[in-house]
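Below is a walk through one structure, taken a region at a time. Keep the sequence and the coordinates open while reading.

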Amino acid sequence: MENHKVFRFRTLNELKEEVEKEGVRIDLTEDLSPLKQPVKIGRRTSSNSMAVLPMEGCDCNLDGSPSELTKRRYLRYAGGGSGLVWWEANTVVEEGKANPHALMLTRDNLGSFRELVQETRKAAKDKNGVSLIHILQLTHSGRYSRPVDAPEPMVAFRDPLLDPRNGVVRDDQVVSDDYLDALTGKFVEAALLAKEAGFDGVDIKAVHKYLVSELLGGFTRKGKYGGESLENRSRFLIQTVKAVRRAVGDDFIVACRLNVFDAHPYPYGFGCDRNDMWKWDSTEPVALIKMLVASGVDLLALSSSNPYYIYPQFGRPFDIPSLGVPAPKESQLAIIAQMFEFTRAAQKAAGSVPVIGNGYSWLRQYIPNAGAANLKSHSCSMVGLGRSSFAYPDAPHDIFTKGAMDPRKVCVTCSKCTQIMRDHGSTGCVVRDAGVYLPIYRKARAAAQANAEKDKK
Ligand SMILES: Cc1cc2nc3c(=O)[nH]c(=O)nc-3n(C[C@H](O)[C@H](O)[C@H](O)COP(=O)(O)O)c2cc1C
């Protein structure tokens, strides 16, 4: 606990001193030019090395189409200067929505997506001369499905740690092999719709213990999608990547956002040492990355941990946790160094296929210093920003035109955006975009508190 301190660095030197004191590897440079480098992704080229990571807003219309609030977010990202926008979780089947306001591209609402993709392309070109690359994240929320307004979990296997938290009480809540066989086809349908709507690529999402990610840790699952062999546990992901690649052809990006470390014990987590869940075992993640590349993936982004459980720090280091999450024992810098190590190992395994690095937002105005250093040492190919993109969408523009980020605009990692999501509101930055999101935050908090009181009675 004593290692976990709030951000307090007023100069790059102060940050460098702390990095040295803690003995962790976080490289920092004042030469920010690597961030401007174009990046080859499949047959396309990103205008620069900065990317917006997928950030669910829980603000779409009930038919899955973008609402006014959704459009506002994407236009802000697009005008911000990044070369690539990785669109948030888009569900491939109704029952796999994480919330009723999740994004879901269908034949019926395709026109609204096409329009927004065109508008965002124009905004990126007009404001920063960027030819924006759009990736749509395809998902099934599995354990975290809540398609209407109550949880309806569909899990990969029974998990004694998570089941009691998610209302999983029966074996028939485990998805069958037949269901998974058919689900691959739904990913393919969604990918074809995405291509038609003008996206440059899709992501077969395998992070954060949603269905495809959970399967990777399915050591206890019986049958062809589970068990000790990595081949079985990754069968769904690999067959889906191959099927999507076959359907979309070569002129379309097939990406994968992959959890390389679940921070969850054996036999329920992926990428963790069998005897110590806190230790990363890179053997299977590295093998899987090679399998993904061989199956036709041409872009990777990583993440780690389960944001719904009590150790979300490995995916999103913070100053203040969301409610119910204990303060971690590790320092944020130690966690960030570990996240950078994940991408370093992944980039080595992926060869020329670009890996988008993560773990940056906590570093505030020193994001570009760390990002540029990681690009320079080939520890990743692009620098991805999540919460920072909510708070300060035009940070890349400022980095490219002013050589620095404005400390008054940075994400303060207060976890309020996560809290809104947990309270079932539409999310964004409560601190830096307060006009829109402070009232939403207050309303969602009050409703959640009233519900909690009702449950107590
Ligand atoms: C409110 C919120 C929504 C998110 N939605 C998604 C999502 O839809 N898909 C995804 O892969 N990651 C999602 N993430 C994770 C982010 O993409 C990112 O990995 C995380 O915030 C850590 O990066 P950062 O330190 O730059 O914020 C979300 C995170 C937050 C806080």
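The crossing of helix H5 and helix H8 is right-handed in this predicted model. Two packed helices are described by the angle between their axes and the distance between the axes. Here the axes of H5 (residues 177-197) and H8 (residues 235-248) come within 9 Å and cross at roughly 35°. On the H5 side the contact is made by Leu180, Thr184, Phe187, Val188, Ala191, Leu192 and Lys195. Facing them in H8 are Phe236, Gln239, Thr240, Ala243, Val244, Ala247 and Val248. Sorted by class, this contact has 10 nonpolar, three polar and one charged residues.

Phe187 of H5 also leads to another part of the chain, since valine 92 touches Phe187. Valine 92 lies in the loop between strand S4 and helix H3 (110-128). Is valine 92 buried or exposed? Valine 92 has 26 other C-beta atoms within 10 Å, and it is therefore buried. Leaving aside residues up to four places away in sequence, valine 92 touches Leu138, Thr139, His140, Lys186 and Ala190 as well as Phe187. Valine 92 and valine 353 are 261 residues apart in sequence, and their C-alpha atoms are 26 Å apart in space.

Next comes helix H10 (residues 332-350). At 1.5 Å a residue, the 19 residues of H10 should span 27 Å, and the C-alpha atoms at its ends are 27 Å apart, so expectation and model agree. The buried residues of H10 are Gln332, Leu333, Ile335, Ile336, Met339, Phe340, Phe342, Thr343, Ala346, Gln347, Ala349 and Ala350. These buried residues pack against several elements, namely helix H1 (12-22), strand S7 (253-261), helix H9 (283-294), strand S8 (299-304), strand S9 (355-357) and helix H11 (367-376). Just after H10, glycine 351 takes a positive phi of about 60°.

The packing of H10 against H1 can be followed through valine 19, which is placed in H1. Valine 19 touches Leu333, along with Val24 and Ile26, when residues up to four places away in sequence are not counted. Valine 19 and alanine 337 are 318 residues apart in sequence and 9.3 Å apart in space, C-alpha to C-alpha. Valine 19 has 19 other C-beta atoms within 10 Å, and it therefore counts as partly exposed, as the threshold for a buried residue is 20 or more.

S7, one of the elements packed against H10, is followed by a loop between S7 and H9 that holds both alanine 263 and proline 267. Most residues other than glycine have a negative phi, and most peptide bonds are trans. Alanine 263, however, has a positive phi near 50°. With 21 C-beta neighbours inside 10 Å, alanine 263 counts as buried. In this loop, the peptide bond from tyrosine 266 to proline 267 is cis, with omega near 10°.

A further positive phi, of about 65°, occurs at serine 415, which is not a glycine. Serine 415 sits in the loop between helix H13 (395-402) and H14. Because serine 415 has 20 C-beta neighbours inside 10 Å, it counts as buried.

H14 also takes part in the surroundings of the ligand. Which element gives the most to the shell around the ligand? H14 does, with three residues. The elements that give two or more residues to this shell are strand S4 (84-91), helix H12 (387-391) and helix H14 (416-422). Of the 24 residues around the ligand, Pro54, Glu56, Ser361, Gly386 and Arg387 come nearest. By class, the shell divides into nine nonpolar, 10 polar and five charged residues.

Arg387 also serves as a reference point for tyrosine 74, as the two are 313 residues apart in sequence and 14 Å apart in space, C-alpha to C-alpha. Tyrosine 74 belongs to helix H2 (residues 68-78). With 22 C-beta neighbours inside 10 Å, tyrosine 74 counts as buried. Beyond residues up to four places away in sequence, tyrosine 74 touches Leu116 and Thr120.

Terms used:
Residues numbered from 1 in each chain as written. Predicted model: local features only at pLDDT ≥ 70, side-chain atom pairs only at ≥ 80, totals over all residues. Axes fitted to C-alpha atoms, helices over the stretch in contact; angles between N-to-C directions. Helix = DSSP H or I, 4+ residues; strand = E, 2+ residues; numbered from the N terminus. Left-handed = near helix turned anticlockwise from the far one by under 90°. Contact = placed C-beta atoms within 7 Å. Nonpolar A, V, L, I, M, F, W, Y, C, P; charged D, E, K, R; others polar. Expected span 1.5 Å × (residues − 1). Buried ≥ 20, exposed ≤ 12 C-beta atoms within 10 Å, placed from the backbone. Near = placed C-beta within 6 Å.
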